[in-house]
Every structure is written in structure tokens, then in C-alpha cells.
Amino acid sequence: MCLIVFSWQPDAATPLVLLANRDEFFERPAEPMHWWSDRPDVLAGRDLRGGGTWMGVNRAGRFAALTNFRDGRAPMTPKDTPSRGLLVSAMLDATSFDDDLLRIEKHAHEYAGFNLLAGDLPAGKLYWLGNRDVSGNDGATSAPVAHPITPGLHGLSNALLDTPWPKLVSRRDALRQAIENAADDLTLLEVMRDASEAADEALPETGVAREWEKRLSAAFIASPAYGTRCTTLLRYHRDGMIDVTESTVSPEQPSHELRDLRHFRFAIGHPTI
């Protein structure tokens, strides 16, 4: 997952409206959003290589999503480092949300750079936890701490929360306008299908090649080998309903088209609806 924009308004009728693009190599095997057969309370995509996921929600109203932290200057990640997607699936366990978050804080240094959004939505809790800083050294923090999300519109890409990369700012503003216009699901998904790249002078400096930085500056990355593989919309309503709509992507798919749509709707605490 490489770009997430969301509105968090705990006192609103719909406290969470979240849009996310997952960017990944197309050769990495994965399954789209579905109810997991081995964990039937979990609704998420699945990384078939690492075993975890990039975004999911469970029937108790637990939510989690992940982005990688991009730093081309950091040391290479050891091959035996655990998959960051396991952090998301761990937060979707039906145990104590607070205890699980504390456990991830304790072990965050064992993973390559990541940003984690995690929430217990019925309890009005939403947190961001990152295990990298901007010190200019190896980037690792000694004691990562989860920070509560303040009410408002936010964005998360491959840097710290609300780092104003051009694609984050533009898509966050587009989400604001869509919410003000009471946009439907398809219109909201279209917010994330912007394939325009940032101007050269606005590109961030993350230590990767300039050409690669330019390609990654688009909200929707359209590339044969690496690109946006799905766009997901999640809405949590105060009445306990959760709506999830996802459009998956193939390498040949034009960026402006929404295809392979999946929609899920369920009530928190109920097995089916």
C-alpha cells in the first residue's frame, strides 16, 4: 500500500472514509479482498508470498493498513526480516486492541521501514505507528510510539503521516471535495486514479533514482512491471455498518477505468448481513 487518504471524524455519522492504493510488483502473487477461509472474521487482500496483508478489517470493527517507508539510502533489509504485512494481520486478531498495538510497538524495530494505521473503530480509536524517522542516519527509531489520529483529513504515503508529497496533498484535497459533494462509491474510487506525475521541482528526495522518483510521484502508477494493483474504499458508519469496495488492476488496464469491482457490506458483531 503506497497511498492512503482518509477523513477521520469520530463524532460524524460516518467517522471514517478511507481511500487506498496498493502499489506493488505485478509478479508478486496476491489475492484480492475476500473473507479469509482460515480466519473467517477477517476481510482483506492477501499477500501469498509473505502471508500477511496490506489492508483489512474484521467483524469486530478492527481496521489496519500499511505503507512501506521509502529510503533508498538505508541499509539493505536482511532476507530473514519478517514480512511487514504480518503487522496488519496481527492487528486484525480478535484479542485486545491496546495490547496488540503495544506488542507491535515493542517489536517494530525488527521490521523494514513501515507506517501502520490501526483502529478499533467502534471504540473511536485510530492510531498511526511508524518505525522510521528523518534523522538522516539509518532512519531507525529506538522506541516507536503509536500516535492517535486527530480529527480531520489526513494522508499517508511512503514517508511520515501527512508528509506533503504532491500526490498526497492533491488526493487529500480531492477527497475533501468528494465528501463535500456527497460522492458515491465509484466517484470516490476515481479520486485515486490520477496518473499525473509531479513536477521535477516538487519531487521528494528519498534516495532512489530520479526517474524512479518521478514515476512513483503519481497517485495511480501505471506501469507494466510495477504499479497500482488495487484501489480500495472503506467507510465505517456510526450505526455499525462497514462498506468496502475494491477495484483490482491488471498491467494492461488503463488508469481511468474501474474494473473487477468487489463490494462488501456487513454489520459489526454480526456473522452475515
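**Exercise 1. Determine whether Cys 2 is buried or exposed, and establish its disulfide status.**

Solution. Cys 2 has a relative accessible area of 6% and is therefore buried (buried means under 20% relative accessible area, exposed over 50%, partly exposed in between, with a 1.4 Å probe and protein chains only). This is a predicted model, in which local features need pLDDT of at least 70 and side-chain atom pairs count only at pLDDT 80 or more, while totals for chains, interfaces and linings use all residues. Residues are numbered from 1 along each chain as its sequence is written, and side-chain values use heavy atoms, without hydrogens and water.

Next, apply the disulfide criterion, a pair of cysteine sulfur atoms within 2.5 Å. The resulting count is zero disulfides. For Cys 2, the nearest cysteine sulfur belongs to Cys 230 and is 11 Å away. Cys 230, at 4% relative accessibility, is likewise classed as buried.

**Exercise 2. Identify which strands stand at the edges of the seven-stranded open sheet.**

Solution. First, write the strand order: E3-E4-E5-E6-E7-E8-E9, with antiparallel pairing. Strands (E, at least two residues) and helices (H or I, at least four) are DSSP runs numbered from the N terminus, and two strands pair if DSSP finds at least two bridges between them.

Second, examine the ends. Strand E3 (30–35) and strand E9 (147–148) each have a single partner strand, so one side of each lacks a neighbour in the sheet.

Third, inspect one pairing. Strand E4 (residues 42–47) is joined to E5 by three bridges and runs antiparallel to it; Val 42 lies opposite Asn 58 in E5.
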